[in-house]
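Here is a short briefing for a reader meeting this structure for the first time. Look over the sequence and the model, then read on topic by topic.

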Amino acid sequence: MVAVNDLVQKLNAVSISAEITSSLHLEVRIKKGASKHEIEKLKELIASSVTSIEDLYNWRSFGLTHPDLKDIIDQVMIGCSNTPDGQKMVIESTNIPISNVHVYNVREGDALATSVETGDSESSVASHHWQLPCKEFDDIWENLIFDDNIKNDLLSFVYALLKLSDRGTNSNIIAVNRMILLHGPPGTGKTSLCKALAQRLTVRLSNRYKRSIFIEVNSHSLFSKWFAESGKLIMKLFEQIEECASDAHQLVFVLIDEVESLTIGRTSSYKGNDPSDALRSVNAVLTQMDKIRRLKNVLVLTTSNITEALDEAFVDRADVNRYVGHPSEYAIYGIWLTVIKELQRVDIIDQSIALSPVSSFPRFNEYSQKLLVLASHCRGISGRTIRKLPVLAYSRLSLDHLTMDQFLHNLEAVINEKIPAKLPGHNQTAYEDKTTSTIPEVPL
Ligand SMILES: Nc1ncnc2c1ncn2[C@@H]1O[C@H](COP(=O)(O)OP(=O)(O)OP(=O)(O)O)[C@@H](O)[C@H]1O
């Protein structure tokens, strides 16, 4: 029976042949203290040792057991933008191009808070800066689970945008603004996706750009505290960004979260303030965005929870705008799987029970089936809340170690307690059910 199941799984796995290995990348994270320069020389060995690994899933990391590699390489992630996230892969060819093997190390440490002067000898923390690739962002990509192909789509599209810009295409003919907009309900992973995307692009483009910086703009505090001054503040902030981008060997990612607070519609007033202030700020942002779009090493990532309030001229400038909604039961299952695996890794949940990956549905074992049923009760809830539920389940019993049965039982109890409205028969609101954007999607 097991053998038959294995066979079916193999048939379902994507077989990577030579013709698509060109879009297959290996991202190799080296151990602290190991020499990147020396490991760069081992790319061929790394590529060939990957082909002998049985359980490979797209965009999932794994360790290497080869005696010459295991002590210097922390993890490898295999990524193919032509293949769904989490799909099992069978690599038949050993022809992974060496140029697609990216060796990197991660920086540790906190973000650097950067201020701008606001007059009257006051200054405000306007942004936080991270040098990429950094440890904090590195595991986000693999742990973000979406129903659609948004991760692959964004990565390929933005990679193409940066390549086009780098080749010096005429922007009057090929309009590239290097700006993306992600919108949708709170807690659905928009900010995390921007950070993860920047990290992956940094690793991918490390041959082209020696350095990479991620600037997170503190848009809310900038706008609400010094409303009338915000036009000036925005200008100063963008001057700092331009300074970073003046280094042609540096890739600059700018994240503007809650972008609606900067670009609230020209006609709407903000918290009862004079609409002319809102207008001034919108204009300042748009002027600065237009300036920045001339810089080919800058990518602006924006997120919004209230798309309806966004300025049309701003939305128009985005090369991509995508709706990011609440996860379906399959994505919820996938998110819980990442949390449960971590709890198993630290031996809080029994390690002897392996839950099935989403891609093997419907051939689920009894535990996976139960988890999927629980997931179906949680539709319409944000990924942020979904991620917290297993920890709440663990905390219900003051035990150091839980069997899988105990864990699932507690998870069910937490769901019944915390979100009773999500039990079967509950009618979801129109907002919770929403799956399409109010802004037309740009086809990718
Ligand atoms: N689809 C998802 N897969 C995995 N984790 C998710 C997902 N959606 C949200 N999360 C988790 O929820 C937390 C919040 O995510 P994030 O801040 O990126 O959401 P957001 O959409 O930007 O929310 P907000 O608009 O409130 O800032 C993160 O820890 C993230 O890992």
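An oxygen atom of the ligand sits 2.5 Å from an N or O atom in the side chain of S192. The model is a predicted one. The ligand and its shell come first below, then a cavity, a sheet and some backbone details.

**The ligand and its surroundings**

- G189 makes its approach through the backbone: one of its backbone N or O atoms is 3.0 Å from an oxygen atom of the ligand.
- I145 also uses its backbone, where a polar atom lies 2.8 Å from a nitrogen atom of the ligand.
- On its own the ligand would expose 630 Å², and the protein buries 82% of that area.
- Two elements give two or more residues each to the shell around the ligand: α7 (190–204) and α15 (383–395).
- The ligand has 16 residues around it. Those that come nearest are I145, K190, T191, S192 and N305.
- What classes of residue make up this shell around the ligand? Eight are polar, five are nonpolar and three are charged.

**The second largest cavity**

- The model holds three cavities of 30 Å³ or more.
- The second largest cavity encloses about 40 Å³ of space.
- Its lining is formed by N177, M179, M289, D290, I292, R293 and R317.
- Which helix gives the most to the lining of this second largest cavity? Helix α11 (residues 275–292) does, with three residues.
- By class, the lining of the second largest cavity has three charged, three nonpolar and one polar residue.

**A four-stranded sheet**

- Four strands form an open sheet in the order β4-β5-β2-β7, and the pairing is mixed.
- Why is one side of β4 and of β7 left without a neighbour in the sheet? Both β4 (61–62) and β7 (101–104) stand at the edges and have a single partner strand each, so one side of each has no neighbour there.
- Strand β2 (residues 24–30) pairs with β7 in the parallel sense, over four bridges.
- One residue pair shows up by name: V28 has V103 in β7 as its bridge partner.

**Backbone details**

- Most peptide bonds are trans, and most residues other than glycine have a negative phi. The points below depart from that pattern.
- L132 and P133 are joined by a cis peptide bond, with omega about -5°.
- P133 belongs to the loop between β9 (122–132) and α4 (135–138).
- A cis peptide bond also runs from F361 to P362, where omega is near 10°.
- P362 is placed in the loop between α13 (329–345) and α14 (366–376).
- R178 is not a glycine, yet its phi is positive, at about 50°.
- Where does R178 lie? R178 is in the loop between α6 (150–166) and β10 (179–183).

Conventions
Residues are numbered from 1 along each chain as its sequence is written. This is a predicted model: local features need pLDDT of at least 70, side-chain atom pairs count only at pLDDT 80 or more; totals for chains, interfaces and linings use all residues. Side-chain values use heavy atoms; hydrogens and water are left out. On a 1 Å grid over the protein atoms alone, a cavity is a set of points where a 1.4 Å probe fits but cannot get out, and a pocket is an open set with protein on both sides within 12 Å along at least five of seven lines; lining residues have an atom within 4 Å of a point. Grid points are joined across faces, edges and corners, and a volume is the space filled by probe spheres set on the points. Ala, Val, Leu, Ile, Met, Phe, Trp, Tyr, Cys and Pro count as nonpolar, Asp, Glu, Lys and Arg as charged, and the others, Gly among them, as polar. A residue is near a molecule or strand if one of its heavy atoms lies within 4 Å of it. A polar contact is a pair of N or O atoms within 3.5 Å; within protein, one must be able to donate a hydrogen and the other to accept it, and residues adjacent in sequence count only if both atoms are side-chain atoms. Accessible areas come from the Shrake-Rupley method with a 1.4 Å probe; for residues, only the protein chains shown count as cover. Two strands pair if DSSP finds at least two bridges between them.
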